[in-house]
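Here is my note on the model you sent. Please read it with the structure open.

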Amino acid sequence: MLSNIVLNELDWWLASQWVDFPTKHEYKPERNKYDAMRRCQLKECRALRYADDFKIFTNSYSNAVKLYHATIDWLKHRLGLDISPEKSKIVNLRRGYSEFLGFKMRVIPRGKRSTGATKFVVKSHISDKAKARIRENTKRMIRNIEFANHSRNDEYKALCRYNAYVLGIHNYYRIATRISRDCSRLACPVQRSLCIRLKDRLKTAREAQKRNISYDIPQFIQERYGGSKQMRYVGDSYLVPLGYVQHSFPMMKKRITNSYTAEGRAEIHKALECVDMTILHYLMRNPIPDKSVEYNDNRLSLYSAQQGKCYVTGKKMEIRDIHCHHKTRIKDGGNDKYQNLVLVTEQTHRLIHATSPEIMRKYLEVLRPNAKQLKKLNQLRNLAGVEAI
């Protein structure tokens, strides 16, 4: 936060050098403005910054040298800041890699433009430091699974932490163009570690099929990893395969969305107000011990889908007030699938199952459901085998 406050001025200064450079005429489309500026031999530059880590891109070595020294001088005299000589340097992306936020990238030739000029595209990997960190963390998590008590709860929590970490790696790094190759190489020592440390506890899909063992796998995991031969199982849970991931093109967000304007902040708050991330993280870290993996995963999905609100009353649910209700009871043939579950408040849950007139009257006075809410409530009561109110 402090970096964003202090270096916001750097963003505006760099933008004034090219992107927001004032011109005598108004150009439409905007690229015509840049073409005119190039003819004037101005220093073309674009900047990308996250906290105190930033890159400045330009089109020639001479411009890079000028911008490098100009930026050092501006930071020193304007903000009183020194750069790190070890981390700051000029890199020709056609000849070598540059690292940024856990990625390393360069550009490679790919065909010709209509003008006859060579077209370049980005080639990106997970950085070497990030790879070393991933190897260390996955091996540590595998040791935690190995030494977890064989009671289902401890083992399940260790498996959840491993799966959440691997999913996080895939979701963050999948925009790297060489993510598939990088993760395949990372997966080899991880797979060996799994085989050595978990031994007989580790099962492949083929072994599980031979023993007629079925696993409750959430739909999104099945869709993303179901086709992988690298899927492994421990106890009643699955292990997300580290080496099975495909490159995904980064999606652009709305240009209006940013932290520096009233309109941009309104867009951010609009997106965040739907789901309380504190509660969602709490649910992730505290699965219900005596329930299946599918049940706990669907509980998270439902919290997001219902935007943290009770299915019946629409009231925002607090951490200790979230109850996951089976529409069709387990003893009546129900299951833990997404379609058979809803999240409701504790009082609503009690009213769904209530048979005593006194208890029903008590909770009806507290909740005061309207006609629409009462209809939903009675639908759930009928499915639960209880007479409608």
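1. Helix 5 is the main contributor to the lining of the second largest pocket, giving 9 residues. It runs from 152 to 173. Keep in mind that this is a predicted model.

2. Three other elements also supply at least two residues each to this lining. They are strand 8 (237-239), helix 10 (277-285) and helix 11 (293-305). In total, 24 residues line the second largest pocket. Cys-160, Ala-164, Met-284, Asp-297 and Leu-300 lie nearest its centre.

3. How much space lies in the second largest pocket? The value is about 650 Å³. The lining has 12 nonpolar residues, 8 polar ones and 4 charged ones.

4. Look next at how helix 10 and helix 11 pack. The angle between them is about 170 degrees, and their axes are 10 Å apart. Because angles over 145 degrees count as roughly antiparallel, helix 10 is roughly antiparallel to helix 11. On the helix 10 side, the contact is made by Ile-279, Leu-280, Leu-283 and Met-284. On the helix 11 side, Arg-299, Leu-300, Tyr-303 and Ser-304 take part. By class, the residues of this contact are 6 nonpolar, 1 polar and 1 charged.

5. Two residues deserve a second look here. Met-284 and Leu-300 belong to the contact between helix 10 and helix 11. Both are also listed among the residues nearest the centre of the second largest pocket.

6. Now the enclosed space. The structure holds 1 cavity of 30 Å³ or more. About 70 Å³ of space lies in the largest cavity. Helix 6 (residues 179-198) gives the largest share of its lining, 4 residues. Among the lining residues are Ala-187, Val-190, Gln-191 and Leu-194. Others include Tyr-162, Gln-230, Arg-232 and the residues Leu-239, Val-240, Pro-241, Leu-242 and Gly-243. The class split for this lining is 8 nonpolar, 3 polar and 1 charged.

7. Where does Ile-330 sit? Ile-330 is in the loop between strand 9 (323-326) and strand 10 (341-344). Leaving aside residues up to four places away in sequence, Ile-330 touches Asn-335 and Asp-336. Asn-340 is 10 residues from Ile-330 along the chain, and their C-alpha atoms are separated by 9.9 Å.

8. Last, the overall form. The protein chain has 14 helices and 10 strands. Its C-alpha trace spans about 85 × 55 × 45 Å along the principal axes. The radius of gyration is 28 Å, whereas a compact globule of 389 residues would have one near 21 Å.

Definitions and conventions
Residues are numbered from 1 along each chain as its sequence is written. This is a predicted model: local features need pLDDT of at least 70, side-chain atom pairs count only at pLDDT 80 or more; totals for chains, interfaces and linings use all residues. Side-chain values use heavy atoms; hydrogens and water are left out. On a 1 Å grid over the protein atoms alone, a cavity is a set of points where a 1.4 Å probe fits but cannot get out, and a pocket is an open set with protein on both sides within 12 Å along at least five of seven lines; lining residues have an atom within 4 Å of a point. Grid points are joined across faces, edges and corners, and a volume is the space filled by probe spheres set on the points. Ala, Val, Leu, Ile, Met, Phe, Trp, Tyr, Cys and Pro count as nonpolar, Asp, Glu, Lys and Arg as charged, and the others, Gly among them, as polar. Axes are lines fitted to C-alpha atoms, for helices over the stretch in contact, and angles run from 0 to 180 degrees between N-to-C directions. Angles under 35 degrees count as roughly parallel, over 145 as roughly antiparallel, 65 to 115 as roughly perpendicular and the rest as oblique. Contact means heavy atoms within 4.5 Å. The radius of gyration is taken over C-alpha atoms; the globule rule is 2.2 Å times the number of residues to the power 0.38.
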